[in-house]
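Work through these exercises with the structure open. Try each task before reading its solution.

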Amino acid sequence: MTDQIVLNHVTKSFTTKELGTVVAVNDFNLTVKKGECFAFLGPSGCGKTTTLRMIAGFEDLTEGQIYLGDKLVSDSKKNIYIPPEKRELGMVFQAFAVWPHMNIFDNVAFPLKVKKVPKAEIKERVTKALHYTSLDGLEKTFPSDLSGGQQQRIALARAIVVNPDVMLLDEPLSNLDPHLRETMRFEIKRLQKEFGFTIIFVTHDQAEAMAISDRMLVMDMGNVQQIGTPSELYNKPINKFVHSFLGQSNFTKVVIKDGKAYAKGHMDQTIAVDGNVPEENGEMILATRPNTIDINRESGYKTRIIKRTFKTDFVEYLVAIGDDTVLIQTPHRNLFKSGEECYIRVHNPAWYPPEDEEAEKERERRNVV
Amino acid sequence: MNKVELENITVRYGDHTVLDNFSLTIPEGKIIGIVGPSACGKTTVVRAICGFVNPQTGTVKINGNTMYSKEQKVNIAPERRNVGVVFQDYAVWPHLSVYDNVAYPLKKRKVNKEELDKEVKEALRQVNMSSYEKYLPSQLSGGQQQRVAIARALTSSKDLLIMDEPITNLDAKLREQLLVEIRLMQERLGSTIIYITHDQEAALQLCDKIVIMQNDGSIGQIGTDEEIIKDPANKFIFKFIGVSNFLPVKMEDGKCYLDYSEPMLLREGKPEGYPDTDKPVEMGVRPMDVIFDDASPIKAKIIQTVFLGNIYNYFIQLGGQELRVQRITSGGEEDDKYVEGKEVGIRFVGEKYYTREEKADV
Amino acid sequence: MFKKAQNKDFLALEGKRSGISLDNAMIIFSYIALTFVVIIPVFMIIYYTFWDGTKIDFEMFKTVLFQPENLGALKNTAIIGVVTTLLAAVIGVFFAWLLGRSDIPLKGLMRFLFSIPFMIPPFLAAMSWDMMFSGRGGYVNNFLMSLFHLAEAPFNVNSLFGIIVIEVVYYFPFVYMQVVSALERMDPTLEESARIAGASQLYVITHITLPLTIPAISSGMLLVLITSLSNYGIPSLLGFSKNIFTLPTMIVELMNRAEGSFVGIRQAACLSVILVVVVAIALLIQRIVLNVGRYDIIKGKSMRPMLIKLRGAKYPLLIFSLFFLALVVIAPLVMILCISFIKAYGLPITLENFTLAHYQRIFAGSNVMVTSAIKNSLFLGFSAGLICLFLGTMLAYVIYKVKPKGSVVLEMMAVLPYSLPGTVMAIGCILAWSGKIAGINLYNTIWIILVAYIARYLSYVLKSSSAALQQVHPSLEEAARSCGASHLESLKDITLPLIKPAMLSGFFLVFLPCMRELTTSVLLYGPKSRTLGVMIYSLRVNGMIPSAAALSVLTITIIIIMNNLVNYITKDRRK
């Protein structure tokens, strides 16, 4: 596989009157392979969209270079900026951005018309693109007569009609209802298999990022936190931020003593852990997922069910470990009742140093801004 | 004692009958969820309780007192029914401060100043908004505005609250948080809460009892969360409450088969709950209740896998049909075992049987 | 406590109540008010046009239509209307693009300048341009002639061309406003996605940006067209002396010539019908055009649109724009101000000729007519404002909240005068309230002007109040009911306070145009009921131009103060 998108030390800072200088993207390095589906995940304002817009050519770089294929498209030092229209990308926006004054055919044909492709070929390629996006027969319809999902398909058809090597998707599913969102996810993957383009997918929805991507990254406050496959990021998060941003997390204050973990302030019972326990004695945070705690009636850490909540797919139990509570998810089988005694074991947990209060404060400050 | 009784309520708009002979009794001191698909008439039910809708027939009683009766010609105006209402769009008055919003019901009842002040402060404390007395609603977030609305409903009536989709306009995290707060508040005050929603998850989480209304405005089932999950009364409830697969089945020689072009043996003997009918039968099974088990003779092929962190979603092919399967992930190697294209054995647990033409459009 | 309440509420069941409910009383009153203010005057015009006293008669209409004089006026009206609209569109779109999409500096200043023409009455602008460019007499013409040693005046505003130019510079902000707001609200990704598709900046402007603003452009243009067709002030000030007539000025002329004769009044009525037909055609086109292209271009995250760098063209364009704005916005104001301080019209503008005499006369009250004009206009503004405020808000409540059967009819009745030219409305009032109906004779009194003002401006309050009422979600009132408030209490405690800011700005929306009104009052005023507009107009016609200028400055000052006041009030409340 060859490299399709390369970002070298890309940095972007803005200067505004209210905030002074803000580093929106800080020293961003990334190599995306050809044919990969790569997701940028992060809370709003983390810099993911700014990075995407730099790749598209809508924003200049404060520092660094961007390559698309072999071509240098942005370089802050040499002041090279290939304009967006010359980068040969496909892009789909959150608000669809289909042109309301053109019918479906003209919308999809637009990129070809601009390139002065012969008429007969335009017709053929547009028909094909509409076919792949299940819009057959809607050529003469105007976007305002179509649903949100269909409008987003038009945007997809318009992007694939030029057969781009790279497809940039900026929160393309956020404006759709949950059911449609799931369907469109599959559509996008299917189109990718068909056309073989490389995808960069920007989203703030962690489930969506994990579901769609081959590899992904998590960003926070302009910095890349971790790059990897969805299961690497979910199961082996590098820090507490990534842990809490992907899926649900249980953070339990524990004390390590002689290779065993105890709930803080409750040194009478060890927590049953299947997996590594840090060797050094002292306070730690035990990070677990609701799906990796086993609940049974035989052995483990003895405790009680505080609350049981039915979800449509599974049951959630709220269970105490020392002064903290943890959430456990299991299928609708072998039910425990509220208040019932039970035993729990945690599998492959992550351990983080006690909370760095300074970092928390900094995050809050930036959130307020 | 019963808090609210609706007897034989019928509501028509023109030719369209929303509620037909609808009866429901709501016990005191519980959170009762009224759940149903949109336009099933659940909002009409609460509007009839509040007095914003006058039914064509029937009786509405609150605390045993008749509030509305077509037959007896009784219609108590909404302002005299002593019901606290929380609306989906908050409906806090933007020109009044938080304090004045919450004090309004007391002022209308001409409560004296000291009493009023005490009650307003208590209501704001219940919803954790004590420090926002002087704020105008426009200075508050959606979640805070909804808390003010709840406090106002409390000063209006502590013992009967109606909440019409109160968390629908909030984001996921806040929704969760507010549900917990509503529950804690109810436990402290012992109020009766009628909670209207289209969201089964919220109802399952919050309510002591859930009333599920069907598209035609009738009640499909009344039960606890466990009853509704484990024993859905009919196919509509089964489909409404979550994602479901339906597989054709048949009985032959006292054995139960999956009714594909090549039948597969499902159960020796007639399964529990199999309907007594000559008509074709189908089996409903939830994605979580399809279990990968290599020992099972029923083989299916994995078409697609979707990783969602705590859950793995699979689309598998069985007898020309596509089924949805879910597994709670373990975080270990087992997660990587079931890849696209692999053949797996499957078995089913907790399945339900329904006659096939039973329509259930959710 | 519940048992006690039951009996009382028996009657509420099925709406059976003793006496007339509050809602019903409001409905009935709405119909009565609108019948008097709107329906009778409109009916009287039609009646006079097609009734010759004994039978139905179409002859008069034909005769009037084909009279060469009237045909000429019709032609002039059409030419002025169409050419003005086209030129206004070009200039309006150009400036809208410059401010909405380019990186030209000083945008704030330019935005402010664009808003000024909205505040100044058109006939005052025309008067000022007349001072600058009327043949040999105009100050600027004179200056240019001596500067370049010209034998002829370079410009002459007292011509069809002059009228068009003044209307263009006065009306192009209509187009500008519509287009610039469309550009600002447009989702920038619509343009960005075209860039990604491979289109250059220029291609994006011509193929995406412009087509998407066409609805805004056309609605701005039609606003210009309709206003131009029914405008009286500009053509009368600039065209009268050269016998250039348009339909509105011709109607006034016919009315003056008639001197009360039945046939003369019928002629004016006929011409009014013709003018209404012309405007109706324009409105019909507007409806069609607006329905064709109603695009939704304002969704998505709010992002600042990409500004196009003008690079080398930046400063030349800036200088051009500022010069243009100085000429069309500032120069007329300065001219009026200068003239108001001059001893006699025609004298060069130098310090020797400076005097405060014109202002002294106004403020000393030595000219009784001027003093009473100020009083009259203030009285009319306040009373029309207040009456419209209550009537309009009540109508809005009836139409949008009570929603009785036939509320559409009520709404149509209320907004009808909005699309009728002021001249026509005035004729209607004269025909209706000169003793013909129930012996009510308001002619030559201030009351007839008040009635006409109410009819014309009622829809302004209706619009602002109903917009506010529609913001008041039903659940806000229902919440009050469930909190123990009765229907009336929920109105008083919740609904009214919520729409108060809109009602207040509705008052000013009526008060301000009343202060600068000319079209209607010029037909309706009597010896004791001159308004500011009429007074300025007649001072000028009688050659007392510096006095007219001084009074104009005073009027403009009042308008600007009031305008800022209303902006301040609405801004303060809009939290």
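**Exercise 1. The A–C contact**

Task: How many residues of chain A are in contact with chain C, and which element of chain A gives the most?

Solution. Use a cut-off of 7 Å between C-beta atoms placed from the backbone. In this predicted model, 19 residues of chain A then meet 23 residues of chain C. Next, look for elements of chain A that supply two or more residues to that side. They are β7 (89–92) and α2 (104–114). α2(A) gives the most, with 3 residues. Finally, sort the chain A side by class. It holds 13 nonpolar, 3 polar and 3 charged residues.

**Exercise 2. The sheet that holds β7(A)**

Task: Where does β7 lie in the strand order of its open sheet in chain A?

Solution. Write out the order of the 6 strands: β7-β8-β9-β3-β10-β11. The pairing is mixed. β7 is an edge strand, and so is β11 (223–228) of chain A; each pairs on one side only. On average, neighbouring strands of this sheet are turned by 15° against each other, direction ignored.

Now take one pair. β7(A) runs parallel to β8 (residues 166–170) of chain A, over 4 bridges. For a single bridge, start at A:G90: its partner in β8(A) is A:M167.

**Exercise 3. The A–B contact**

Task: Which elements of chain A give two or more residues to the side that touches chain B?

Solution. Begin with the totals. Chain A contributes 27 residues and chain B contributes 23 residues. Four elements of chain A qualify: α6 (206–212), α7 (230–235), β18 (301–310) and β20 (324–330). The largest share, 4 residues, comes from α7(A). By class, the chain A side has 10 nonpolar, 13 polar and 4 charged residues.

**Exercise 4. Helix α4 of chain B**

Task: What should the span of α4(B) be at 1.5 Å a residue? Is the helix largely enclosed or open?

Solution. The helix covers residues 142–156, which is 15 residues. Multiply 1.5 Å by one less than the number of residues. The expected span is 21 Å. The end C-alpha atoms are 21 Å apart, so the two values agree. For burial, require 20 or more other C-beta atoms within 10 Å. 13 of the 15 residues of α4(B) are buried, so the helix is largely enclosed by the rest of the structure.

**Exercise 5. The domains of chain B**

Task: How many residues of domain 1 of chain B are in contact with domain 2 of chain B?

Solution. Mark the bounds: domain 1 is 2–239 and domain 2 is 243–355. Their centres, taken over C-alpha atoms, are separated by 40 Å. The contact involves 4 residues of domain 1 and 4 residues of domain 2. The domain 1 side has 2 nonpolar, no polar and 2 charged residues.

Conventions
Residues numbered from 1 in each chain as written. Chains lettered and ligands numbered in written order. Predicted model: local features only at pLDDT ≥ 70, side-chain atom pairs only at ≥ 80, totals over all residues. Domains from an automatic or database assignment. Contact = placed C-beta atoms within 7 Å. Nonpolar A, V, L, I, M, F, W, Y, C, P; charged D, E, K, R; others polar. Buried ≥ 20, exposed ≤ 12 C-beta atoms within 10 Å, placed from the backbone. Pairing = 2+ DSSP bridges. Axes fitted to C-alpha atoms, helices over the stretch in contact; angles between N-to-C directions.
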